[in-house]
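I kept this notebook open while going through the model. My entries are short, and they follow the order in which I looked things up.

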Amino acid sequence: MSIKEMIQDHPAVGDDYNDQLGEAVKHTMYAAAIINSCADACLAEDNAKERAECIRRCLDASDACTAFYRIGSRRTGGNVAAIKAAGAAAIIACEQCHELCKMHDDPHCKRCATMCKEVIEDVKKAVQGLGH
């Protein structure tokens, strides 16, 4: 099952399918789980107390990604302003998460930092491709 296909099948979308938005919804949905998992992995690290800010930023990014994919996948009415606002929040939260996770050498933070970079790029493209 593909979220992109689900959005394309929406009766209000038809020929007005936006592939960039579909891709961003897919990636933010996936990123929400990866970033949330990174926060949990950081909690299990020996220096979890020192990672409090990183954990907080991971949780914020995960929640922002969740908000974006939920709002972006709703195509009835096409609330572009809300999609753009959720996109801006996801971009900011992922930039802040990336900033800290890229400084850690463990595999989960490296994976999280990479996912954040991908989300930032995809959401920027999607938001720029939307009308008013």
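**Entry 1: a pair in one helix**

In which helix do Lys26 and Glu23 lie, and how many residues apart are they? I found both in helix α2, three residues apart, which is about one turn of the helix. An α-helix has 3.6 residues a turn, so residues three or four places apart point the same way. The model is a predicted one, and in it the side chains of Lys26 and Glu23 meet in a salt bridge, 3.4 Å from N to O. I also looked up the cover on Lys26: it is partly exposed, with a relative accessible area of 32%.

**Entry 2: the whole chain**

I stepped back to see the fold. The chain has five helices and zero strands, and read along the sequence it follows the pattern α-α-α-α-α. Of its 132 residues, 45% count as buried. I then checked how far contacts reach: among those between residues at least 6 apart in sequence, 70% join residues at least 24 apart. The accessible surface comes to about 7400 Å², and 50% of that belongs to carbon and sulfur atoms.

**Entry 3: the core**

Which residues have the most contacts inside the largest nonpolar core? My list reads Ile35, Cys58, Phe68, Cys94, Cys97, Cys101 and Cys112, in a core of 38 residues. The elements giving two or more residues to this core are α2, α3 (52-72), α4 (80-101) and α5.

I followed Cys112 outward. Leaving aside its neighbours within four places in sequence, Cys112 is in contact with Ile34, Ile35, Cys38, Cys58, Cys97 and Cys101.

**Entry 4: three helices, one by one**

I began with α3. Its 21 residues should span 30 Å at 1.5 Å a residue, and its end C-alpha atoms are 30 Å apart, so the two agree. The buried residues of α3 include Cys54, Cys58, Ala61, Cys65 and Phe68. What covers the buried residues of α3 includes α2, α4 and α5.

Next came α4, where 22 residues should span 32 Å and the end C-alpha atoms are 31 Å apart, which agrees. Among the buried residues of α4 are Ile83, Ala90, Cys94, Cys97, His98 and Cys101. They pack against α2, α3 and α5.

For α5, the 22 residues should span 32 Å, and the end C-alpha atoms are 32 Å apart, which agrees. Its buried residues include His108, Cys112, Met115, Val119 and Asp122. Among what covers the buried residues of α5 are α2, α3 and α4.

**Entry 5: His27 and Thr114**

Is His27 buried or exposed? I read 17% relative accessibility, and the cut-off for buried is under 20%, so His27 counts as buried. His27 sits in helix α2 (residues 19-44). Not counting residues up to four places away in sequence, His27 touches Met115, Val119 and Asp122. I had already noted those three as buried in α5.

Thr114 is also in helix α5 (residues 107-128), but at 43% relative accessibility Thr114 counts as partly exposed. Thr114 and His98 are 16 residues apart in sequence and 7.7 Å apart in space, C-alpha to C-alpha.

**Entry 6: the loop before α5**

Where is Asp106 found? I located Asp106 in the loop between α4 and α5. Asp106 is buried, with a relative accessible area of 10%. Its side chain joins that of Arg51 in a polar contact of 2.6 Å. A polar atom of the Asp106 side chain also lies 3.0 Å from the backbone nitrogen of Cys109. Not counting residues up to four places away in sequence, Asp106 touches Glu45 and Arg51.

**Entry 7: the other salt bridges**

My count for the model is seven salt bridges. In helix α3, Arg57 and Glu53 are four residues apart, about one turn of the helix, and their side chains meet in a salt bridge of 3.2 Å, N to O. Arg57 counts as buried at 18% relative accessibility, whereas Glu53 is partly exposed with a relative accessible area of 44%.

I then looked at Glu95, which forms a salt bridge with Lys124, the closest N and O atoms being 4.0 Å apart. This pair links distant parts of the chain: Glu95 is in helix α4 and Lys124 in helix α5, 29 residues apart. Glu95 counts as partly exposed at 35% relative accessibility, and Lys124 counts as partly exposed at 37%. As a last note, salt bridges that share partners join Glu53, Arg57 and Glu99 into one network.

Terms used:
Residues numbered from 1 in each chain as written. Predicted model: local features only at pLDDT ≥ 70, side-chain atom pairs only at ≥ 80, totals over all residues. Heavy atoms only, no water. Buried < 20%, exposed > 50% of the residue type's maximum accessible area, 1.4 Å probe, protein only. Contact = heavy atoms within 4.5 Å. Core = buried A, V, L, I, M, F, W, Y, C linked by side-chain atoms within 4.5 Å. Expected span 1.5 Å × (residues − 1). Polar contact = N/O pair within 3.5 Å; in protein donor to acceptor, adjacent residues only side chain to side chain. Areas by Shrake-Rupley, 256 points an atom, 1.4 Å probe, with all protein chains shown as cover.
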